[in-house]
Amino acid sequence: MASYSKLSDLFPIQSQLDYALENDTTQEEKENLVHQYLHKIDEKDDLIIPDFEEGLEWLNTDGPLSLRKELSGKVVVLDFFTYCCINCVHLLPDLHQLEQSYTIEDGLVVIGVHSAKFPNEKVLQNVRSAVLRYDITHPVVNDSDARLWQELEVSCWPTLVVLGPRGNLLFSLVGEGHREQLFLFIAAALKHYREQGLLKNHDVGIKLYRDSLPPSILSFPGKIAMDPSSKQLAIADTGHNRVLVVSHTGQLLHTIGGPSSGRRDGNLSEAQFSSPQGVFIKGDTVYVADTENHLVRKINLSEGKVSTLAGIGVQGTDKEGGAPGPQQPISSPWDVALGNAGGDILWIAMAGTHQIWALFLEDGKLPKGSDSKKGTCVRFAGSGNEENRNNAYPYKAGLAQPSGLALAPTEPWECLFIADSESSTIRSLSLKDGAVKHVVGGERDPLNLFAFGDVDGKGIDAKLQHPLGVSWDEGSSLLYVADSYNHKIKVVDPKTKQSRVLAGTGKAGNGLGPSFLESSFNEPGGLCLGEGGKLLYVADTNNNCIKVLDLETKTISLFPIAVQQEVDAVFTTSTSSTPEVRKLPKLPKSAPVLTMPSITVSSGQSVTLFLKLALPTGTKLTEEAPSFWSLSAEAGFRDQLAILGDDPRINKQFLYASQHTVMSGYWKGEL
């Protein structure tokens, strides 16, 4: 059996290079050091690593790749990642820029080696969704049992391993934030092996899965929010890099940004976002966590403008803050919630630094903090260490990639509820004294971020798996949770700390009932309440849709989004595009009227009416004589009429009674 090397064999050699690079300042000196290092590495024949295990599932390729075959003669970057990890997400722009600088023909191939943390992340379909969501265009292998991870003795996510043309170890970079070193190492390695004639320019069979997908209205929607006054919904259409504003019946009112990512303020038609996640809507204002731009944005619908409230457009490392918003670097904001602390304040789930921040929209003061001026962006809670540590003092508490926020502003709560994804817990953050407390999930050891599962129960006996969203129902004092990696919606009573499943089978799917527990989701990322707590809207992320749970009738439906015309910025209804309303034919008083039994439907459900017209026995239509049948919908029904079947002898006329929409539905006529 062949003997292979692991990272511990490389560390003593590379540590000398790392130390030398810290002391040399000029680029030329650094390049010379790496050149000398590569000559030293070439002298060692014992740094070959094992090949990928046979039978693994591959994405973005025509088939499996081998270090001994397709990847021979290439400089290969192995990215050991798991798609839940925010640090792994932070590394993707570096890899993308690297691939823009050097092609496969130049001799560079990047391979994502997905080594899952959570059981849900081992499933190929879920990895495929993550590859699409993060726009990963290099080959990815689903090493679900982390076999190569174990053989190389990788210790944390993310880890980059750079290989030479023989499949031999060259460099290793642990964690994020090594862009300069990465580019230095790759440029030197490509030059070194090109001069030796060891690089090959052959293709490796890239085949992007995204190219085979049909278009959809939504792409991986991350979050959803409702303004209770206007009943308008804001949807983070994350995969399309845009924000949608729709009526509660699904009429598209505004679309801002997309489809390509970018960073631009200005008119709604010009603005750009990059994978926005959290949204909060109040009146004509939508606050947006523009996640991959590392910004917090404001959409003013009445003025038709988008502006930046916080962030500088690149990932920050500051864990304290205190600067004016547009001058304050921030890191991967994932959700936002509007509240009050002596003045309006925007709470931010800062997933990138494992903290909760505050953006002062007016002068105010944080609990156990000093006065802050309007526009200040500052940390509220979290040490910045990725932990499950609760503490009475907010700066000493440890959070782990907080991804969802829900404000409970009234007594006895007066807190923010937090979906703390990487600790698989729900936490609370007091707005009176800043104390961070446990609600459900996880365990008592603050360093154990692997206490996950799918168990109904109380406190730490309850188990969640990477929850991403929370929504508070003030009327019932219940907290609704998107238990994302369990593909479930759960409800938590913070008074008793009881957690139970509300909807979902626990398996990824896209079913609609008939009951809550027979319905299925696929990594739902966000949710919000509407209609006074009667409806629960769920961003069913990997199913590319919004679902509506009617909490009274216990029915679930798909929320339709009606695009009646191309919408670039603000949806407007022009008179020229309004369907003509024709007069209904007058029926004789003797015409029979059939009364159908009433049915109960939820907002967003489809109503299908099958209508079969039959002539009396012995009668027939007169050729070339005008004959028609018509179908009309009273005010309150969406004008989505689809005909199944046809009789060419009868002319069809569609008669619309109203353009106003009160409930969602469509009719189907069959002839």
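Me: Which element gives the largest share of the lining of the second largest cavity?
Reply: Helix H3, with 3 residues. This is a predicted model, where local features need pLDDT of at least 70, side-chain atom pairs count only at pLDDT 80 or more, and totals for chains, interfaces and linings use all residues. Residues are numbered from 1 along each chain as its sequence is written, and side-chain values use heavy atoms, with hydrogens and water left out. A cavity is a set of points, on a 1 Å grid over the protein atoms alone, where a 1.4 Å probe fits but cannot get out; lining residues have an atom within 4 Å of a point. Helices (H or I, at least four residues) and strands (E, at least two) are DSSP runs numbered from the N terminus.

Me: Which residues line the second largest cavity?
Reply: Asp79, Phe81, Tyr83, Cys88, Val89, Leu92 and Tyr134. Strand E2 (75-81) and helix H3 (86-101) each give two or more of them. The cavity holds about 40 Å³, a volume being the space filled by probe spheres set on grid points joined across faces, edges and corners. Its lining has 6 nonpolar, no polar and 1 charged residues. Ala, Val, Leu, Ile, Met, Phe, Trp, Tyr, Cys and Pro count as nonpolar, Asp, Glu, Lys and Arg as charged, the others, Gly among them, as polar.

Me: How many cavities does the whole structure have, at 30 Å³ or more?
Reply: The search finds 4. The largest has a volume of about 240 Å³. It is lined by 20 residues, with Arg133, Tyr134, Gln277, Trp334 and Leu468 nearest its centre. By class, that lining has 7 nonpolar, 10 polar and 3 charged residues. Tyr134 also lines the second largest cavity.

Me: Now the sheets. What is the strand order in the sheet that holds E32?
Reply: Strands of a sheet pair through backbone hydrogen bonds, parallel or antiparallel. Two strands pair if DSSP finds at least two bridges between them. Here the order is E32-E33-E34-E35, an open sheet of 4 strands with antiparallel pairing.

Me: Why is one side of E32 left without a neighbour in the sheet?
Reply: E32 (526-530) stands at an edge with a single partner strand, so one side has no neighbour; E35 (555-558) stands likewise. The twist averages 25° from one strand to the next (axes are lines fitted to C-alpha atoms, and angles run from 0 to 180 degrees between N-to-C directions). E32 joins E33 (residues 535-540) through 5 bridges. Leu529 stands opposite Leu536 in E33.

Me: Which strands are at the edges of the sheet E23-E24-E25-E26?
Reply: E23 (402-408) and E26 (436-441), each pairing on one side only. This open sheet of 4 strands has antiparallel pairing. Its twist averages 25° from one strand to the next. E23 pairs with E24 (residues 415-420) over 6 bridges. Gly404 has Ala419 of E24 as its bridge partner.

How values were computed. On a 1 Å grid over the protein atoms alone, a cavity is a set of points where a 1.4 Å probe fits but cannot get out, and a pocket is an open set with protein on both sides within 12 Å along at least five of seven lines; lining residues have an atom within 4 Å of a point.
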